[in-house]
Amino acid sequence: MSSPDPQVRAARNQSARSDLRGPVVAVTGAAAGVGALLTERLAASEEIKQVIAIDERRGECAAAQWHILDVRDPAIAEKLRGADVVVHLALDLDLETDGAARTAYNVRGTQTVLTAAAAAGVHRVVLCTSAMVYGALPDNELPLSEDAELRATAEATGVGDLLEVERLARRAPRAHPGLNVTVVRPAVLVGGTDTALTRYFESPRLLVVAGSRPAWQFCHVEDLCSALEYAVLEKAEGELAVGCDGWLEQEEVEELSGIRRMELPSAVALGAAARLHRIGLTPSPAGDLAYTMYPWVVSGSRLHDAGWRPQWTNEEVLGELLEEVSGRRTVVGRRLGRKDATAAGAAGATVALLGAAAVVRRARKARRRI
């Protein structure tokens, strides 16, 4: 006997779950990345009554009820009607996206979702930013508590957008009485992700700025999804930091990865990164380097107090990250082609960085000739 059609199977599952008392949960950005993983997880949970999936394309989770639209469309309010909780994951943090377009999408999308959720009678919105909002600073406590001041600036990729999302989260309950907002802040996210921090491990040498003392804490996407589920089920509320327990010192990272360090004076490293970004040769601004220089480790105490525990260790997540980036080569945030990667591997990243000044001089001469 042939198995039922997936749509028929999904309808049967939904009918069987209709008597559940758990929440109806809407997930934006549900077709890919963390959104897709969370949608599948919630759809399989016996504590969730129904999952509403929202994205600009249909994803693979047949058990969810799909709505195809842009999160900036005010019509989303109608799609959220009947939901108890909204998890907003439709953020663009792609390194290659134009900065102004990225900010416009992230801020307008979050504003629209919060307003639409309030209009639809949703009682809780869960937002996901990053522990980067605490800032990477030499005087940071190890680890930081969830209540630590957000001291980041907008100098690193996407952090300005995340700070604005945090501001909107604080304003929303005042602007929309009855709407509760939970913010989840993961450490360095690993598991099918591409960020300035994951690209750090694609370099032929690990850049270490002289005098800095990095501390590395990771968060696997599976642990992030389980933390988001805790927030959905209101097992933990407020600002929630999430990551592996503890952290790795730079020396431990080098020993585990087998990648040797390249140590440069601060002025050389930051100056080269700034110039290369300014003339458009790399997607990463100099502000990204701060997160490889100074600690921004979080305690995750609120989730721990609620009974949540990470399933991954920092060592395990670093191992997975190294497998994911194997074969890729990046210098100061710019991913190289095969030919470039061979040259970079032979010459070393030091040459690439110290050669930045020559690249900048050539670019300036070219502009003067125009």
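A residue is called buried when its relative accessible area is under 20%, and exposed when that area is over 50%. The exercises below apply to a predicted model.

**Exercise 1. Find which residues of helix 2 are buried, and on which side of the helix they lie.**

Solution.
- Step 1: Check the length of the helix. Helix 2 covers residues 33-44, which is 12 residues. At 1.5 Å a residue it should span 16 Å, and its end C-alpha atoms are 17 Å apart, which agrees.
- Step 2: List the residues below the 20% cut-off. In helix 2 these are V34, G35, L38, T39, L42 and A43.
- Step 3: Look at their directions. They cover an arc of only 155° around the axis, so they sit on the same side of helix 2.
- Step 4: Turn to the other side of helix 2, where G33 and A44 are exposed.
- Step 5: Relate this to helix geometry. An α-helix has 3.6 residues a turn, so residues three or four places apart point the same way.

**Exercise 2. Give the strand order of the open sheet of seven strands, and say why strand 3 and strand 11 each have one side without a neighbour.**

Solution.
- Step 1: Read the order, which is 3-2-1-4-5-6-11, with parallel pairing.
- Step 2: Go to the edges. Strand 3 (65-68) and strand 11 (239-242) stand there with a single partner strand each, so one side of each has no neighbour in the sheet.
- Step 3: Add the twist, which averages 20° from one strand to the next.
- Step 4: Inspect one pair. Strand 1 (residues 24-28) and strand 2 (residues 50-55) are joined in the parallel sense over five bridges. In this pair, V25 of strand 1 stands opposite V51 in strand 2.
- Step 5: Place a helix on the sheet. Helix 4 (residues 99-119) lies across strands 1, 4, 5 and 6, and runs at about 180° to strand 4 (85-88).

**Exercise 3. Determine which residues touch the most other members of the largest nonpolar core, and which helix gives the most to this core.**

Solution.
- Step 1: Among the 44 residues of this core, F201, W216, F218, Y291 and W296 touch the most other members.
- Step 2: Trace the suppliers. Those giving at least two residues each include strand 8 (206-209), strand 13 (261-264) and helix 11 (314-325). Helix 11 gives the most, with five residues.
- Step 3: Follow one residue. The contacts of F218 include F201, V317, L318 and L321.
- Step 4: Examine strand 8. L206 and V208 point one way and L207 and V209 the other, and all are buried. Strand 8 runs parallel to strand 13, joined by four bridges, and L207 has M262 as its bridge partner.

Note on methods: Residues numbered from 1 in each chain as written. Predicted model: local features only at pLDDT ≥ 70, side-chain atom pairs only at ≥ 80, totals over all residues. Heavy atoms only, no water. Pairing = 2+ DSSP bridges. Axes fitted to C-alpha atoms, helices over the stretch in contact; angles between N-to-C directions. Contact = heavy atoms within 4.5 Å. Expected span 1.5 Å × (residues − 1). Buried < 20%, exposed > 50% of the residue type's maximum accessible area, 1.4 Å probe, protein only. Arc of directions from axis to C-beta. Core = buried A, V, L, I, M, F, W, Y, C linked by side-chain atoms within 4.5 Å.
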